[in-house]
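Q: Please take a close look at one part of this structure and explain how that part fits in with what surrounds it. A connected account, in careful sentences, would serve me better than a list.

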Amino acid sequence: MTALGCRNISEYLAVIDREEEIRQQCELLLTVSISRFFRDRKFWEILEKELLPEMVKKNSDKIKIWSAGCASGEEVYSFKMVWDGMKKHAVKFPKLEIIATDMNPTYLARARAGIYSSSSLKELTKDLKLKYFQQKPGKNLFMVNPTLGKDVSWKRHHLLSDPPDSGFNIIFLRNNVLTYYGDRLKNKAFNNVFSSLLPFGLLIIGSHESLPSDSSDLTRVARLPYVFRKGPNP
Ligand SMILES: C[S@@+](CC[C@H](N)C(=O)[O-])C[C@H]1O[C@@H](n2cnc3c(N)ncnc32)[C@H](O)[C@@H]1O
């Protein structure tokens with residue numbers, strides 16, 4: 001505000017209305033990147049033991065994942081740890097494609113670099129921490145093993161204004177638009193995301209979030225009130 005010479009909030013809002021570039025800068029300043037590996041631990045356990053094995057059985061060629069609003073990539077690397085653990089025990093496993101998107105390029109750069117403070121790792125098991133992370137000498141920072149970035153495309157994407165990709169088996173839409181936006185924008189973003197989910201695909205939202213009111217054609221997955229399947233339960 002001060003940098004733009006605005007003396008009060010009304011003047012700042014007037015500049016935002018007038019200048020698209022300033023509006024976009026303001027929007028980026030308002031984003032929040034807080035995340036952690038294996039956030040909502042129970043979900044990841046059920047994903048590994050039940051949901052993914054069932055999906056892999058039905059889709060032997062390829063599984064396509066979208067982490068929408070991925071921030072610094074904790075959710076994406078968590079998924080890769082689960083996937084790699086399962087793949088190790090399988091004779092034949094589907095090909096994996098992960099699209100990880102965020103509107104904030106600074107967070108995407110952090111996700112690509114894969115360096116995290118210990119607070120992001122607090123829900124990780126000791127085994128996974130040892131297997132996939134290396135501590136930076138003398139620092140409270142941990143670098144994720146770059147092999148986990150294989151199969152991942154990091155892309156800048158705005159959930160309200162950019163067209164979605166399609167054909168996803170799993171979409172993570174956690175702790176972003178459904179928390180931060182009002183009803184009208186929530187619905188718009190949600191409908192874009194929903195249209196890109198395949199029949200019987202899984203949608204995961206934040207554990208404290210709820211779906212917008214007009215979200216039909218989704219069935220809640222047992223024991224996980226924030227995980228939904230597109231269409232009726234099989
Ligand atoms: C709190 S983080 C959530 C990270 C991760 N999904 C999780 O649940 O741990 C929210 C992220 O959503 C992104 N975001 C918010 N609104 C967005 C939008 N309209 N389009 C794309 N990304 C958005 C922010 O930039 C931020 O990185």
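A: A residue is called buried here when its relative accessible area is under 20%, and exposed when that area is over 50%. The model is a predicted one, and the part chosen for a close look is strand β2, residues 95-102. Of the 8 residues of β2, 6 are buried, so this strand is largely enclosed by the rest of the structure.

The strands beside β2 come next. Strand β1, residues 62-68, pairs with β2 in the parallel sense over 7 bridges, and within this pairing K64 has E97 of β2 as its bridge partner. Strand β6, residues 152-156, also pairs with β2 in the parallel sense, here over 5 bridges, and I98 has V152 of β6 as its bridge partner.

Helices accompany these strands. Together with helix α4, residues 74-88, strands β1 and β2 make a β-α-β unit that is right-handed. Helix α5, residues 105-113, lies across β2 and β6, and runs at about 165 degrees to β6.

Seen in its wider setting, β2 stands between β6 and β1 in an open sheet of 7 strands, whose order is β6-β2-β1-β7-β8-β10-β9 and whose pairing is mixed. The edges of this sheet are taken by β6 and by β9, residues 218-221; each has a single partner strand, so one side of each is left without a neighbour in the sheet. On average, and with direction ignored, neighbouring strands of this sheet are turned by 20 degrees against each other. Further along the order, strand β7, residues 168-173, pairs with strand β8, residues 197-205, in the parallel sense over 5 bridges, and F172 stands opposite I204 in β8.

The term buried also applies to two cysteines of the model. C6 is buried, because its relative accessible area of 11% falls under 20%, and C70 is buried as well, with a relative accessible area of 3%. The cysteine sulfur closest to that of C6 belongs to C26 and is 11 Å away, which is too far for a bond; a disulfide would need the two sulfur atoms within 2.5 Å, and the count for the model comes to 0 disulfides.

C26 has a place of its own in a helix contact, as one of the residues of α2 that, with E20, I22 and R23, meet Y12, V15, I16 and R18 in α1. The residues of this contact divide into 5 nonpolar, no polar and 3 charged.

Key
Residues numbered from 1 in each chain as written. Predicted model: local features only at pLDDT ≥ 70, side-chain atom pairs only at ≥ 80, totals over all residues. Heavy atoms only, no water. Buried < 20%, exposed > 50% of the residue type's maximum accessible area, 1.4 Å probe, protein only. Helix = DSSP H or I, 4+ residues; strand = E, 2+ residues; numbered from the N terminus. Pairing = 2+ DSSP bridges. Right-handed = clockwise from strand over helix to strand, strands pointing away. Axes fitted to C-alpha atoms, helices over the stretch in contact; angles between N-to-C directions. Contact = heavy atoms within 4.5 Å. Nonpolar A, V, L, I, M, F, W, Y, C, P; charged D, E, K, R; others polar.
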